Amino acid sequence: QVQLVESGGGLVQPGESLRLSCAASGLTFSSSAVGWFRQAPGKERALVAATDWSGGNTYYEDSVKGRFTISRDNAKNTGYLQVNSLKPEDTAVYYCALARVPEVTFVRRFYTYWGQGTQVTVSS
């Protein structure tokens, strides 16, 4: 079984940046696609970025494309989400999840393991 531990969230002003990390235990990390989801108050949890097992194939939701960068270091069993040029509408709890398939997937039920979430708040 895989355990995910997230870090890197915080309170920032508009235009600032954060680097979110997702540290995985176990040896299955390199065989799993990674997805980052976010959930804002009053909204449903939504996929914002995903990468396949190698980090070579990625997906970004339109509102974050060009500002967010997803990556992974399989040797460290760690995934990352670099979030730049943050806007107030980016405020949400951000969750890391591992899929049971190695390819990028948009199917929610395929994401089997979830982190605890890390709060990102963008405010003046």
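Me: Leaving aside its neighbours within four places in sequence, which residues is Phe37 in contact with?

Reply: In this predicted model, Phe37 touches Arg45, Ala46, Leu47, Val48, Val93, Tyr94, Tyr95, Ala97, Arg108, Tyr111 and Trp114, once neighbours up to four places away are set aside. A contact here requires heavy atoms within 4.5 Å. Phe37 itself belongs to strand E4.

Me: How far apart are Phe37 and Cys96 in sequence and in space?

Reply: The two separations should be read side by side. Phe37 and Cys96 stand 59 residues apart along the chain, while their C-alpha atoms are 6.5 Å apart in space. For the chain as a whole, 58% of the contacts with a separation of 6 or more involve residues 24 or more positions apart.

Me: Is Phe37 buried or exposed?

Reply: The relative accessible area of Phe37 is 2%, so this residue counts as buried, because the limit for that class is under 20%. Across the 124 residues of the protein chain, 44% are buried.

Me: What can be said of Ser7, and where is it placed?

Reply: Ser7 is found in strand E1, which covers residues 4-7. Its relative accessibility is 38%, so Ser7 is classed as partly exposed. Beyond its neighbours within four places in sequence, Ser7 has contacts with Arg19, Leu20, Ser21 and Thr118. Its C-alpha atom is 25 Å from that of Val107, a residue 100 positions away in sequence.

Me: How many helices and strands does the protein chain have?

Reply: There are zero helices and 11 strands. Read from one end to the other, the pattern is therefore a succession of strands, β-β-β-β-β-β-β-β-β-β-β. The radius of gyration is 13 Å, close to the 14 Å that the globule rule gives for 124 residues, so the chain is as compact as a globular protein of that length. Along the principal axes, the C-alpha atoms fill a box of roughly 40 × 25 × 25 Å.

Me: Which residues have the most contacts inside the largest nonpolar core?

Reply: The general idea comes before the case. In soluble globular proteins, nonpolar side chains tend to be buried together. Here the largest nonpolar core contains 26 residues, and Trp36, Phe68, Leu81, Leu86 and Tyr94 have the most contacts within it. At least two residues of this core come from each of strands E3 (18-24), E4 (34-39), E5 (46-51), E7 (68-73), E8 (78-83), E9 (92-99) and E11 (118-122). A second, separate core has 10 residues, including Ala33, Phe37, Leu47 and Tyr95. As for Leu86, its contacts with residues over four places away include Val12, Pro14, Phe68 and Val120.

Me: Where do Asn77 and Ser85 lie, and what is phi in Asn77 and in Ser85?

Reply: Asn77 is in the loop between E7 and E8, and its phi is near 55°, a positive value in a residue other than glycine. Ser85 occupies the loop between E8 and E9; its phi is near 50°, again positive in a residue other than glycine. With a relative accessible area of 41%, Ser85 is partly exposed.

Me: How many positive and negative side chains does the protein chain have?

Reply: The chain has 12 positive and 10 negative side chains, and the centres of these two sets are 3 Å apart. The surface may be described in a similar way: the chain exposes about 6400 Å², of which carbon and sulfur atoms supply 49%.

Notes
Residues numbered from 1 in each chain as written. Predicted model: local features only at pLDDT ≥ 70, side-chain atom pairs only at ≥ 80, totals over all residues. Heavy atoms only, no water. Helix = DSSP H or I, 4+ residues; strand = E, 2+ residues; numbered from the N terminus. Rg over C-alpha atoms; globule rule 2.2 N^0.38 Å. Buried < 20%, exposed > 50% of the residue type's maximum accessible area, 1.4 Å probe, protein only. Areas by Shrake-Rupley, 256 points an atom, 1.4 Å probe, with all protein chains shown as cover. Lys, Arg positive; Asp, Glu negative; His and termini not counted. Charge placed at Lys NZ, Arg CZ, Asp CG, Glu CD. Core = buried A, V, L, I, M, F, W, Y, C linked by side-chain atoms within 4.5 Å.
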